[in-house]
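I opened the notebook to follow one side chain and then the sheet around it. My plan was to start local and work outwards.

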Amino acid sequence: MAITIKSAREIALMRESCKLLADVFQNLEQAIKPGISTMDLNILADKLIRAHGCIPNFLNYHGYPASICASVNDAVVHGIPDKNYILQEGDIISIDAGLIYKGYHSDMARTFGVGTISEEARLLIERTRQSFFDGIKMAKAGNYLYDISNAIDASIKPYGYGIVRDLVGHGIGTELHEDPQIPNFAQKKHGPKLRAGMTLAIEPMINIGRADVEWLDDDWTVVTEDGSLSAHYENTILVTDGEPEILTLY
């Protein structure tokens with residue numbers, strides 16, 4: 001496993017890449033309302049990314065056909081935007097997107113409510129977000145990678161939710177997906193030791209029901225096997241000698 005340690009110059013470029021992506025998400029969030037299609041959101045995101053002089057890193061990645069992933073309700077990740085998929089009051093939608101700025105990638109995801117959502121859905125989104133923050137308390141130089149995984153697992157366990165095991169977080173830098181892989185569920189081993197300068201995309205994916213998922217016939221969209229709601233929360237972070245720096249917050 002070759003985990004890259006970023007130089008001061010690279011970290012500065014990663015910060016800017018992530019700052020621009022956070023700005024895209026801030027604008028996207030305001031557009032999410034009943035009656036908009038997931039393709040409308042994709043078109044908006046693409047325009048916002050290119051307006052910053054950047055490239056959407058999801059588009060054509062291993063053949064993926066859009067600039068964002070738009071995953072609604074029981075879709076966990078990788079939902080393909082569709083002009084015929086109109087958001088309805090009470091839906092939840094997970095937007096996952098990234099961009100390339102001067103050769104450096106950023107990646108983040110959020111789950112948003114569409115209009116007024118159920119208390120069950122609200123709590124799922126809130127607890128998924130909290131599990132990220134509980135996880136990154138351990139993202140300090142000198143700790144081990146799987147300390148993050150174990151903390152996310154411990155955060156979610158009391159609620160009886162399913163932690164998706166088929167998809168994990170990852171390193172990020174000059175590539176969208178770099179070493180290491182970062183599970184969101186408890187591990188028996190320590191994993192590699194964390195060092196200052198590592199940049200990681202940490203992304204709990206949590207289902208109200210069971211952890212099991214399946215792929216739809218489009219070969220991209222991942223849905224919960226039991227049809228339960230799923231939420232996703234992701235940030236690109238920088239490991240430091242002290243507290244981790246979240247690069248994609250807005």
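I looked up the side chain of Thr 240 in this predicted model. That side chain reaches the backbone nitrogen of Gly 242 at 3.0 Å. It also reaches the backbone oxygen of Glu 243, at 2.7 Å.

Next I checked where Thr 240 sits. I found Thr 240 in the loop between S14 and S15.

Then I asked which residues Thr 240 touches beyond its neighbours within four places in sequence. I noted Lys 140, Ala 141, Ala 196 and Glu 245. I followed up on Ala 196. Its C-alpha atom is separated from that of Thr 240 by 4.2 Å, although the two residues are 44 residues apart along the chain.

Glu 245 came up again when I turned to the strands. Glu 245, in S15, is the bridge partner of Leu 238. I read S14 as residues 235–238, and S14 pairs with S15 in the antiparallel sense over 2 bridges.

I then traced the whole sheet. It is open, with 5 strands in the order S8-S7-S9-S14-S15, and the pairing is antiparallel. Which strands stand at the edges? I found S8 (178–182) and S15 (245–246) there. Each has a single partner strand, so one side of each is left without a neighbour in the sheet.

Last, I looked for what lies across these strands. Helix H1, residues 8–31, lies across S9 (199–202), S14 and S15. I recorded its angle to S14 as about 155°.

Methods: Residues are numbered from 1 along each chain as its sequence is written. This is a predicted model: local features need pLDDT of at least 70, side-chain atom pairs count only at pLDDT 80 or more; totals for chains, interfaces and linings use all residues. Side-chain values use heavy atoms; hydrogens and water are left out. Two strands pair if DSSP finds at least two bridges between them. Helices (H or I, at least four residues) and strands (E, at least two) are DSSP runs, numbered from the N terminus. Contact means heavy atoms within 4.5 Å. Axes are lines fitted to C-alpha atoms, for helices over the stretch in contact, and angles run from 0 to 180 degrees between N-to-C directions. A polar contact is a pair of N or O atoms within 3.5 Å; within protein, one must be able to donate a hydrogen and the other to accept it, and residues adjacent in sequence count only if both atoms are side-chain atoms.
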